[in-house]
Amino acid sequence: MQGALLALDNSSGDVKAMVGGRSFEASKFNRSTQALRQVGSSFKPYIYTAAIDQGMTPDDTVLDAPVSFPGGASGPYTPHNYDGKFEGLITFRRALAQSRNIPALKVTERVGGIKTVIEYARKFGITAPLPPYLPVALGAADISLIEQTAAFTTFPNDGVRVAPRMIRKVEDYDGRVLEENYPEVKDVVSARTARTMVSMLREVVRHGTGAAAARLNHPLGGKTGTTNDFTDAWFVGFSPSITCGVWVGFDEKKTLGNKETGAVAALPIWMDFMRAALQGRESEDFAAPPPASPNAVAQRVDTADQTAGDGETH
């Protein structure tokens with residue numbers, strides 16, 4: 001089994017930690033920057049970002065019920081939720097926190113289809129090939145850990161993505177600066193959209209598939225990712241100051257084992273790293289989310305079932 005970890009400073013893009021595999025002696029291949037792997041449900045935040053950007057709210061509802069989408073030559077596409085169950089009418093907030101697949105696909109249709117979601121992923125800095133097929137909305141796309149982690153800096157950064165920076169500056173023996181790299185930032189979405197998404201991604205940690213991270217007792221948000229047959233496990237998450245992504249899998253596409261989800265295989269590694277990285281940052285907090293629209297209807301969301309696994313891809 002292999003793993004990779006990448007951590008970025010949210011304000012500067014400085015790479016604070018990078019692990020490319022179990023052993024550099026055994027393999028020089030850097031899985032943080034060179035490996036392209038299916039990201040599973042860690043792709044879903046791009047769907048909900050598109051929805052929030054279009055004026056929808058975390059309290060809008062979507063029907064979690066059996067559905068088939070028209071397909072091509074292979075026939076209709078009939079997606080399933082990870083647990084094989086349906087929850088009926090649920091809020092966007094719960095749908096993302098519990099990583100429900102069918103609601104994610106219905107919201108994809110609501111925002112204008114998979115092409116709109118891909119446009120948003122591109123805004124977030126994802127350059128990997130993203131074919132315009134509906135399963136891509138559930139993470140059936142190969143993306144590098146460094147791109148996915150850098151994309152997530154957009155949420156705690158009030159809508160600004162920061163590019164990873166390996167080298168700040170180079171000086172010669174006499175202290176003359178030969179080269180200097182300044183933080184490279186790009187506007188992706190409005191601060192309002194980003195703060196709303198932070199509040200939704202915090203729910204993943206509070207009551208959703210990433211609930212184990214609540215034990216760190218720190219303001220955190222993030223998203224689990226699990227792929228078909230449990231070949232890839234992800235957790236990409238952030239505090240107000242640091243964004244960190246973890247991937248676990250084999251170099252060849254083979255299963256990690258039954259129920260080896262992002263929450264089981266990747267999240268504990270993320271928590272170990274963040275526990276150390278957050279030392280001395282106890283007082284930090286996220287900016288307040290924007291107030292709810294005056295015509296929003298408050299809905300009770302049942303969080304009794306905290307054992308839900310992460311949504312798989314197609």
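Which side chain does a polar contact of 2.9 Å join to the side chain of K223? Keep that in mind while we look around; the model you have open is a predicted one.

**The whole chain**

Start zoomed out, with the protein chain drawn as a cartoon. You should find 7 helices and 13 strands. Along the principal axes, the C-alpha atoms fill a box of roughly 65 × 50 × 35 Å. The radius of gyration is 19 Å, which agrees with the value near 20 Å that a compact globule of 314 residues would have.

Switch on the surface next. About 13,800 Å² of the protein chain is accessible, and carbon and sulfur atoms hold 52% of that. Buried residues make up 55% of the 314 residues. If you colour by charge, there are 33 positive and 35 negative side chains to pick out, and the centres of the two sets lie 2 Å apart. Now think about contacts with a separation of 6 or more: 71% of them are between residues 24 or more positions apart.

**Stop one: K223 and its partners**

Select K223, which sits in strand 11, residues 221-226. Is K223 buried or exposed? It counts as buried, because its relative accessibility is 0%. Show its side chain and look for the partner from the opening question: it is S99, whose side chain is joined to that of K223 by a polar contact of 2.9 Å. The K223 side chain also makes a polar contact of 3.2 Å with the side chain of T224.

**Stop two: S99**

Hop across to S99. You'll find S99 in the loop between helix 2 (92-97) and helix 3 (101-110). S99 is buried too, since its relative accessible area of 2% is under the 20% cut-off. Check the backbone while you're here: S99 has a positive phi of about 55°, although it is not a glycine.

**Stop three: helix 1**

Select residues 44-53 to bring up helix 1, which is mostly covered, with 9 of its 10 residues buried. Among the buried ones are K44, P45, Y46 and I47; Y48, T49, A50, A51 and I52 are also on that list.

What covers the buried residues of helix 1? Show helix 2, helix 3, helix 4 (114-123), helix 5 and helix 6 (191-207), which are all included in the cover, and then add strand 11. Strand 11 is where you met K223, and helices 2 and 3 are the ones on either side of the S99 loop. Before moving on, select G55 just after helix 1, where phi is positive at about 100°.

**Stop four: D158**

Now go to the loop between helix 5 (145-152) and strand 7 (160-162), and select D158 there. D158 has a positive phi of about 60° and is not a glycine. How much of D158 is accessible? Its relative accessible area is 27%, so D158 is partly exposed.

**Last stop: V162**

Move into strand 7 and select V162. V162 is buried, as its relative accessible area is 1%. Which residues does V162 touch, leaving out those up to four places away in sequence? Light up D9, N10, S11, S12 and G13, then A150, T153 and N157, and finally E184 and V185. To finish, draw a distance line from V162 to D14: the two are 148 residues apart along the chain, and their C-alpha atoms are separated by 9.1 Å.

Notes. Residues are numbered from 1 along each chain as its sequence is written. This is a predicted model: local features need pLDDT of at least 70, side-chain atom pairs count only at pLDDT 80 or more; totals for chains, interfaces and linings use all residues. Side-chain values use heavy atoms; hydrogens and water are left out. Helices (H or I, at least four residues) and strands (E, at least two) are DSSP runs, numbered from the N terminus. The radius of gyration is taken over C-alpha atoms; the globule rule is 2.2 Å times the number of residues to the power 0.38. Buried means under 20% relative accessible area, exposed over 50%, partly exposed in between (1.4 Å probe, protein chains only). Contact means heavy atoms within 4.5 Å. Accessible areas come from the Shrake-Rupley method with a 1.4 Å probe; for residues, only the protein chains shown count as cover. Lys and Arg count as positive and Asp and Glu as negative; His and the chain ends are not counted. The place of a charge is taken as NZ of Lys, CZ of Arg, CG of Asp or CD of Glu. A polar contact is a pair of N or O atoms within 3.5 Å; within protein, one must be able to donate a hydrogen and the other to accept it, and residues adjacent in sequence count only if both atoms are side-chain atoms.
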